[in-house]
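Work through the exercises below with the model open beside you. Each task is followed by a worked solution.

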Amino acid sequence: MASITVLYNQSRLFMKRQVNDLLDFVYPPVCGLCGHPADSDDRLVCRSCWNSITTIEEPFCLNCREFIETGVSCPWCDENAITVFSLGIYDDVLRSILHDLKFGCLKPLAEVVGAQLAALIDDKRQSLKLDMIVPVPLHSSRLYHRGFNQAEEIAREIGRCLDIPCRPDILYLTRKTRRQSRLSAAQREANVRGAYAVAKPEAVKGRSLLLVDDITTTGATLRENVRVLKAAGAGRVTAAVGATVV
Ligand SMILES: [Zn+2]
Ligand SMILES: [Zn+2]
């Protein structure tokens, strides 16, 4: 995974977007990570790269981190414990995918991540009875610089795959938070405390929601968003993330 190859492919994929599908006739699709040919089903990431991800097939409990093999609630924790679907462990490949998605403006990668997550969630669909998909919001200044919210792009694809409405208008940030990646666990909790609010409480009352983010580490952001959603009257809130840092 030489960086020059990744850079080359990023620029080529960016260029490809600009001229839509025209370049597909000139260049066959290549994997955005390793540069090897990728068939169109793989959508930018080749099968061998996907196969090297440490995937998490079952949802886990954000409180005790045990897998939830049957049902959708942790048998060991109380009803406030959050059930999390995660595509995989935040390892080399998933890190590259989510990093490219966030900073390389490779929006199509969100479709890959979202579609894979939707497949995991689909297995528990009957029990979850989801009414809407709600992405964790990004502050407007970050949105301005980046051009899109990666959590929202993943959420949109999950919604498309499962035919459930995606509602980025439900949550908003009341203030700008510091980057969580540089903070300790205690600092993360303090950083997000009171930072999120529900714009449309009437829309979530009694509803079963799927909260979506790109990465979770300590779970502070997910917990805070679930807290405000529940305070606004939401029913069950399940979470889905691209990767989990362990
Ligand atoms: Zn590859
Ligand atoms: Zn638990």
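**Exercise 1. Compare the span of helix H11 (residues 220-231) with the span expected at 1.5 Å a residue.**

Solution. Start with the rule: the expected span is 1.5 Å times one less than the number of residues. H11 has 12 residues, so it should span 16 Å. Its end C-alpha atoms are 16 Å apart, which agrees. Helices here are DSSP runs of H or I with at least four residues, strands are runs of E with at least two, and both are numbered from the N terminus.

Next, list the buried positions. A residue is buried if 20 or more other C-beta atoms lie within 10 Å of its own, exposed if 12 or fewer, and partly exposed in between, with C-beta atoms placed from the backbone. In H11, Ala220, Thr221, Leu222, Glu224, Asn225, Val226 and Leu229 are buried. Their cover includes S4, H9, strand S5 (196-198), helix H10 (201-204), strand S6 (209-216) and S7. Finally, look past the helix: Gly233 follows H11 and has a positive phi, near 105°.

A note on the ground rules. This is a predicted model, in which local features need pLDDT of at least 70, side-chain atom pairs count only at pLDDT 80 or more, and totals for chains, interfaces and linings use all residues. Residues are numbered from 1 along each chain as its sequence is written, while chains are lettered from A and ligands numbered from 1 in the order in which they are written.

**Exercise 2. Is Arg188 buried or exposed, and which residues does Arg188 touch?**

Solution. First, place the residue: Arg188 sits in helix H9 (residues 185-192). Then count neighbours. Arg188 has 22 other C-beta atoms within 10 Å, so it is buried. Now take its contacts (C-beta atoms, placed from the backbone, within 7 Å). Leaving out residues up to four places away in sequence, Arg188 touches Gln180, Leu183, Thr218 and Ala220. Ala220 is 32 residues from Arg188 in sequence, yet their C-alpha atoms are 6.2 Å apart.

**Exercise 3. Which strands pair with S2, and in which sense?**

Solution. Two strands pair if DSSP finds at least two bridges between them. Take strand S1 (residues 60-61): S1 and S2 are antiparallel, with 2 bridges. Here Cys61 stands opposite Thr83 of S2. Then take strand S7 (residues 237-244): it runs parallel to S2, joined by 5 bridges. Ser86 has Val241 in S7 as its bridge partner. Last, check burial. Of the 7 residues of S2 (residues 83-89), 6 are buried, so the strand is largely enclosed by the rest of the structure.

**Exercise 4. Describe the largest nonpolar core.**

Solution. Such a core is a set of buried Ala, Val, Leu, Ile, Met, Phe, Trp, Tyr and Cys residues joined through C-beta atoms within 7 Å. The largest one has 58 residues. Those with the most contacts inside it are Ile97, Leu117, Ile158, Leu210, Leu211, Val212 and Ala240. Helix H5 (residues 107-122) gives the largest share, 7 residues. At least three residues come from each of domain 1 (1-52) and domain 2 (54-244); these bounds come from an automatic or database domain assignment. Now zoom in on Leu117. Beyond four places in sequence, Leu117 contacts Phe85, Leu87, Ile154, Ile158 and Ala240.

**Exercise 5. How many residues of H8 are buried, and what follows the helix?**

Solution. Helix H8 (residues 150-162) has 13 residues and reaches 19 Å, close to the expected 18 Å. Of those 13 residues, 10 are buried, so H8 is largely enclosed by the rest of the structure. Among them are Ile154, Arg156 and Ile158. Asp163 follows H8. It has a positive phi of about 60° although it is not a glycine. Asp163 has 7 C-beta neighbours inside 10 Å, so it counts as exposed.

**Exercise 6. Where is confidence lowest, and where is it highest?**

Solution. Use pLDDT, the predictor's confidence in each residue, from 0 to 100. The chain averages 84, and 84% of the residues score at least 70. Helix H1 (residues 3-18) is lowest, at a mean of 48; strand S3 (residues 132-135) is highest, at 98. Over residues 12-24 pLDDT stays under 50, and the model has 7 contacts beyond four places in sequence for them. Where pLDDT is low, the predicted coordinates should not be read in detail.

Terms used
Contact = placed C-beta atoms within 7 Å.
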